[in-house]
Amino acid sequence: MVLTYYVVKFPYKIVWNFLNLLKRRTEIVFYCANELDLEIFKNVQRHLKPITIVAKNRSLQKKLLEKGIKARVMPVFPKAVIMCRQACYLFPESKIIRIGIAHGAYHFKPFANVNGHNMFNQFHFTSSKEVEEARLIGITSGVGLGFPKMDDAFNGTYSEEVLGKLKEELNIDPNKKTVLFSATWDGSQMSAVHEWYNKLSNFTNEYNVLVTLHVWTSKKYKSVIKNTPEVIYIESQDITPYIMISDICVGDTSSILSEMSALYKPIVSFKVPSVKRTVPEAREIIKSISFQIEKVSELDEMLEYAYQNINQKKIDQEVANKRMFETLDGRAGERVANKIIELLPELDKKEGRKISELKIRCKVNNDYSFLSDFVKDLPYIFEKQGTCIYEGRNTIKTFNCGGLLVNVKSFKIPHLINKIAYAWLRGSKAKHSYLYAMKLIKKGTSTPEPVACVEVLKNGLFNRSFYVSIHQKYDFTIRDLIGFEFPDKENILRQFAVFTYEKLHKNGVHHLDYSRGNILINRLADSKYKFSIVDINRMRFEEMGYQKGLQNFSQIWANEDELEIVAREYARINGKDGNEAVKLLVQFDKEHKAKINRKKVLKSKLRK
């Protein structure tokens with residue numbers, strides 16, 4: 001047992017029991033030692049009620065907060081703790097329920113000490129074979145239900161479309177094969193990173209080169225790799241999609257090799273000397289699933305050989321996979337969660353839900369059916385999870401769903417009349433947003449891709465609704481240039497007028513809330529711009545005559561100079577008189593502003 005255990009044991013036990021006397025301990029926490037822990041746990045968490053995250057220290061807490069993840073910091077005194085490592089010594093009270101999840105597939109390094117493992121009520125290994133091997137040395141807490149970290153490779157999360165977008169983001173050259181280099185921690189004496197870290201430039205002409213390293217890898221290696229031209233260094237802890245887009249993988253003794261084997265990739269591994277931490281069984285597995293070399297000088301030839309002769313290793317990889325993984329079906333996280341619920345039934349998502357009071361109606365885009373569980377859980381998780389990017393009358397949050405970033409817009413709970421209307425008479429704002437987005441895309445109009453809509457009824461009345469779409473990056477909105485000095489402003493406004501006519505009005509699309517913040521703009525090459533529309537729940541599909549189309553621009557609240565640019569361009573593409581168009585749009589603008597100002601005055605009087 002580590003020294004920390006003996007230092008903190010008695011003070012911790014005294015405080016825990018004192019607090020438990022004052023108020024019975026009910027909190028369940030997830031102990032996070034580094035960002036990888038969350039990556040491993042995410043596919044278990046999605047099947048449980050939200051769990052409080054506790055960071056190892058303030059430095060990690062700050063890192064997580066920068067990513068929109070709120071976390072407390074140690075010490076904490078919970079009823080139960082879940083972790084993805086062997087750190088029970090930080091919670092040295094036997095009344096605490098302690099659950100562990102392996103942070104790597106199989107034991108490529110020796111098992112942690114027996115006593116440390118047996119402090120857990122449950123420790124989740126990745127296979128029943130591994131549980132048997134652990135039991136032979138006296139570890140009795142083992143459960144083997146699979147490796148949740150690999151679920152997304154098999155449950156449809158990483159579709160061909162998602163992987164295609166990842167290749168675009170990485171600027172992968174389709175004419176080259178892609179090689180993924182990986183290495184375990186150099187301090188373990190079982191790493192081969194020293195063999196290749198400064199020789200990657202030898203491979204970039206022929207291959208797309210990706211690199212992932214153990215989080216503890218020395219800075220001297222990381223620095224050289226990151227500064228090697230054309231090498232893509234992977235910062236993300238979720239390396240599954242990077243393995244999936246790779247044609248060949250290179251490693252040493254890291255458990256990442258097991259993930260490469262699970263995806264039946266050709267693997268080249270460096271032979272490393274046997275040391276105290278060497279596991280003979282793991283060494284044999286690595287030899288069976290990979291083509292082995294001793295020096296980097298052999299790598300160039302072996303990469304091509306491994307790619308051409310992968311079938312030589314297919315049977316061995318299949319045998320190894322059965323030993324390392326209980327099953328590869330994309331449902332390990334669900335099985336682990338269900339086993340956890342046996343000890344902690346309060347984490348069951350279904351527990352406490354009053355079906356008679358709450359009814360959920362969902363529409364999910366067929367292209368994103370793998371997000372159905374996430375969509376159905378939104379009414380229960382929206383308040384506590386996600387990163388808020390806008391809060392006002394409605395709230396917008398982003399959620400990372402297995403590497404896919406989605407926006408979720410939660411609409412304000414309506415007044416009583418609309419509670420009845422949205423429930424039984426007409427569609428809600430979320431439903432309109434979803435259906436209109438589908439229709440717009442069919443018409444060739446750019447809007448963030450719709451994923452789903454969710455409507456919640458409580459006691460027969462409409463309660464809340466959510467619209468889910470793919471998060472779309474943009475450079476600026478019309479709001480950023482109207483009324484300000486802005487580079488290339490006149491050109492942008494002209495292209496905006498053309499977009500509005502060609503993609504909306506010509507297609508019979510009347511955006512009833514065509515305001516500044518609802519037009520997203522991306523810079524393209526050669527002074528070209530791409531426009532997209534959002535906030536589309538108020539829309540009509542009708543014939544748009546010239547004057548009605550011109551009047552649509554009055555909602556952007558522009559000054560006369562800006563209106564003139566838009567009016568003249570809109571007149572030009574419609575074959576109309578520019579001077580007359582300017583007069584009309586200025587008049588429409590004045591009427592619109594007067595109408596809005598009258599509403600503001602009336603609302604102010606009503607409030608008083």
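Q: What makes Leu416, Ile420, Trp424 and Leu425 a nonpolar surface patch?
A: Together they make a nonpolar patch of about 480 Å². Patch residues have over 30% relative accessible area and no salt bridge (a side-chain nitrogen of Lys or Arg within 4 Å of a carboxyl oxygen of Asp or Glu). Nonpolar side chains are joined within 5 Å, like charges within 9 Å. Areas come from the Shrake-Rupley method with a 1.4 Å probe.

This is a predicted model: local features need pLDDT of at least 70, side-chain atom pairs count only at pLDDT 80 or more, and totals for chains, interfaces and linings use all residues. Residues are numbered from 1 along each chain as its sequence is written, and side-chain values use heavy atoms, without hydrogens and water.

Q: Why is leucine 416 called exposed?
A: Its relative accessibility is 55%. Exposed means over 50%, buried under 20%, partly exposed in between. So leucine 416 counts as exposed.

Q: Why is serine 191 called buried?
A: Its relative accessible area is 8%, so serine 191 is buried.

Q: Which backbone atoms does the side chain of serine 191 reach?
A: It reaches the backbone oxygen of threonine 184 at 3.1 Å and the backbone nitrogen of valine 193 at 3.1 Å.

Q: Why is there no bond between cysteine 362 and cysteine 453?
A: A disulfide needs two cysteine sulfur atoms within 2.5 Å. The sulfur of cysteine 362 is 7.7 Å from that of cysteine 453, the closest, so it is too far for a bond. The structure holds zero disulfides. Cysteine 84 is in none either; its nearest cysteine sulfur, in cysteine 32, is 8.4 Å away.

Q: Is cysteine 84 buried or exposed?
A: At 0% relative accessibility, cysteine 84 counts as buried.

Notes. Buried < 20%, exposed > 50% of the residue type's maximum accessible area, 1.4 Å probe, protein only. Polar contact = N/O pair within 3.5 Å; in protein donor to acceptor, adjacent residues only side chain to side chain.
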